[in-house]
Amino acid sequence: MKKFAMAAFGGTLAGIVATTYVAGPLLAQESTRETTVYEQLDLFGDIFERIRSQYVEEVDEKELIEAAIGGMLSSLDPHSSYLSPDDAANMQVQTRGEFGGLGIEVTQEEGFVKVVSPIDGTPADEAGIEAGDFITHVDGESVLGLSLDEAVEMMRGPVGSEIIITVVREGEAEPFDVSIIRDTIKLTAVRARTEGDTVVMRITTFNRQTTPNLESGLKEQIEAAGGIDNVNGIVLDLRNNPGGLLTEAIQVADSFLETGEIVSTRGRNPEDGERFNATPGDLSGGKPIVVLINGGSASASEIVAGALQDHRRAIVVGTKSFGKGSVQTVMPLRGDGAMRLTTARYYTPSGRSIQALGVSPDIVVEQPRRRVGEEEEESSVANRSRSEADLRGRLNNDSLTEDEIRQIEEDRAKAEKAAELREQDYQLAYAIDILKGLSALGPND
C-alpha cells in the first residue's frame with residue numbers, strides 16, 4: 001500500500017514539474033505571437049498608406065480593402081472567398097435556382113480556372129464545355145495569376161453578349177476557343193423520365209427546388225407506370241452535378257433511407273461536429289437504386305452517393321467523383337457583404353472523408369467518346385447483319401401463337417430501343433441494365 005501511494009505521489013509531482021516547465025514557454029510563445037500579429041497588422045497599414053499615397057494611379061480605397069480581404073480568404077483553400085454585396089446577392093439568387101451567366105461550376109487549380117461541371121441545358125453545356133476542362137483565357141486575356149473571383153468576374157456580362165474562352169482539354173493537342181452567348185440560367189433541379197421499366201431522376205443541382213422536384217417527379221413517373229410494382233428500379237443521375245446546399249443533399253439521401261447516419265461534419269473544435277440521421281420513409285418503396293457519378297459530381301452529390309453506397313442502398317456506377325469533402329459556411333458581414341469560409345469536413349456514414357479522394361464507384365464505367373464517322377460506320381454494319389428470317393423460303397415457326405409472336409416482337413423492340421440508348425448514353429444504359437438484371441433475379445410471383 002505504501003509503495004502504491006509513493007508511486008502515485010511521484011507521478012503527481014512529475015506532473016507538476018512538467019507543467020511548470022511547459023507552461024512557461026507556452027505563455028511566452030502566446031505573448032510573442034500576439035506581438036507578431038500586431039506587427040503584421042501595422043505592416044499592412046503601412047503598405048496600405050504607401051499604396052494610397054504613392055501608387056502611380058489613384059486607387060479606390062474600398063476596392064483595395066476588399067482585394068486584401070479576398071486575398072486573405074483565397075489563400076486558405078480554393079473554396080473560401082469574400083463575397084461583395086453584389087456577389088452575396090447573386091448567391092442568394094442562385095440557391096433559388098435562377099441567375100445570369102454561362103452555366104458552369106468552377107474551381108481553381110494551378111492558377112487556372114478548372115470546370116467542375118457544366119450545368120445541363122445552359123450555354124456552356126450546349127457549347128460543349130466538359131468537366132475537367134481548364135479555362136486559360138477569357139476574351140484573349142489570361143486568367144493565370146488571378147483569384148477565382150476575379151476570373152469569374154471576367155466571365156460575367158450582360159445576357160445576350162458573347163464571350164470567347166480558351167480551353168485546354170485532356171486528349172486535345174492544342175488549346176481551342178469556344179464562343180458562348182451569355183444567358184439567364186434557369187435551373188431545373190430534377191428532371192424525371194422513364195426508360196423502359198426504370199425511372200431516371202436526373203439531379204442537376206442541390207438548391208431549394210431539389211427535394212420538392214424529386215418528390216413530385218418520382219410520384220408522376222410511378223403513377224404513369226401504373227404503380228410502383230411496374231417499376232424495376234431507380235437511377236439517380238448525379239453526373240456533372242456540382243453540389244449546392246447541404247440540407248438538400250441530406251433530404252435527398254433521406255428520401256431513400258429508412259434509418260442510419262447520412263453524413264457527419266467535423267470542424268476545428270470537436271464540439272462543433274454534427275451528425276445527420278435518416279428518418280423513416282422510402283419514396284421508392286425499397287426498389288433497387290443505381291447512382292451515376294463522374295468527375296463532375298461534387299460536394300452535395302458526393303454526400304448522397306456516399307451515404308447510399310455505405311448503407312448498401314444503391315450501386316454506384318461511373319467514374320470517380322470530384323472529391324470536394326469540405327463544408328463552407330456563408331457568414332454575413334457589415335455592408336451587406338459576406339464571407340464564404342471552410343468550417344468543416346464531411347464524412348460518409350462509414351467515417352471516410354471524401355476530400356481530394358472522391359467517391360469510388362462500385363462499378364467503373366467510362367463514358368466513351370464518339371469518334372467522327374463512328375455512327376455511320378456502325379449503322380452500315382448493322383444494315384449488313386442478316387438472320388434466318390431474312391432468308392427466302394425459310395420455314396415458319398409453328399410452335400408459337402400470334403400473341404406470343406407479338407410479345408417477342410415487342411420485347412425485341414424494347415431491346416433495340418435500349419441499344420439506341422447505349423449509343424446515346426452508355427453509362428445510363430449500363431445502369432438500367434443493372435436494374436434489369438436485379439429484377440430478373442427477383443422472386444417469381
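Reader: Is Val 106 buried or exposed?
Author: This is a predicted model, in which local features need pLDDT of at least 70 and side-chain atom pairs count only at pLDDT 80 or more, whereas totals for chains, interfaces and linings use all residues. Residues are numbered from 1 along each chain as its sequence is written, and side-chain values use heavy atoms, with hydrogens and water left out. Val 106 belongs to strand 3 (residues 104-109), where helices (H or I, at least four residues) and strands (E, at least two) are DSSP runs numbered from the N terminus. Its relative accessible area is 16%, and since buried means under 20%, exposed over 50% and partly exposed in between (1.4 Å probe, protein chains only), Val 106 is buried.

Reader: How far apart are the C-alpha atoms of Val 106 and Phe 134?
Author: Along the chain, Val 106 and Phe 134 are 28 residues apart. In space, the separation of their C-alpha atoms is 9.4 Å.

Reader: Which residues make the nonpolar surface patch of about 330 Å²?
Author: Patches are made of residues with over 30% relative accessible area and no salt bridge, like charges being joined within 9 Å and nonpolar side chains (Val, Leu, Ile, Met, Phe, Trp, Tyr) within 5 Å, and accessible areas come from the Shrake-Rupley method with a 1.4 Å probe, only the protein chains shown counting as cover for residues. One member lies in helix 1 (residues 2-54) and is partly exposed, because its relative accessibility is 44%. The residues that make the patch are Val 37, Tyr 38 and Leu 41.

Reader: What is the C-alpha to C-alpha distance between Ile 51 and Leu 64?
Author: Ile 51 is also a residue of helix 1, and with a relative accessible area of 29% it is partly exposed. Leu 64 is 13 residues from Ile 51 in sequence, and the distance in space, C-alpha to C-alpha, is 9.2 Å.

Reader: How many salt bridges does the structure hold?
Author: A salt bridge is a side-chain nitrogen of Lys or Arg within 4 Å of a carboxyl oxygen of Asp or Glu. One of them joins Arg 52 and Glu 61, at 2.8 Å from N to O, and both partners are partly exposed, Arg 52 at 38% and Glu 61 at 37%. The number of salt bridges that the structure holds is 17.

Reader: How many residues apart in sequence are the parts tied together by Arg 169 and Glu 130?
Author: Arg 169 and Glu 130 form a salt bridge whose closest N and O atoms are 3.6 Å apart. Arg 169 sits in the loop between strand 7 (162-168) and strand 8 (176-181), and Glu 130 in the loop between helix 4 (123-126) and strand 5 (134-138). Arg 169 is buried at 13% relative accessibility, whereas Glu 130 is partly exposed at 29%. The pair therefore ties together parts whose separation in sequence, in residues, is 39.

Reader: Which residue forms a salt bridge with Arg 156?
Author: Arg 156 is partly exposed, with a relative accessible area of 35%, and its partner is partly exposed as well, at 45%. The closest N and O atoms of the pair are 3.0 Å apart, and the partner is Glu 153.

Reader: Which residues are joined into one network by salt bridges that share partners?
Author: Here salt bridges have partners in common, and a network results. Its members are Asp 120, Arg 191, Arg 202, Asp 237, Arg 239 and Asp 425.

Reader: At what angle do helix 7 and helix 8 pack?
Author: Two packed helices are described by the angle between their axes and the distance between the axes. For helix 7 (residues 246-254) and helix 8 (residues 300-310), the axes are 9 Å apart and the angle is about 25°.

Reader: What is the phi of Arg 312?
Author: Most residues other than glycine have a negative phi. Arg 312 lies in the loop between helix 8 and strand 16 (314-318), and it is exposed, with a relative accessible area of 78%. Its phi is positive, near 55°.

Reader: Where does Asp 336 lie?
Author: Asp 336 is another residue other than glycine with a positive phi, near 70°. Asp 336 is exposed, with a relative accessible area of 64%. Its place is the loop between strand 17 (326-332) and strand 18 (338-347).

Terms used
Axes are lines fitted to C-alpha atoms, for helices over the stretch in contact, and angles run from 0 to 180 degrees between N-to-C directions.
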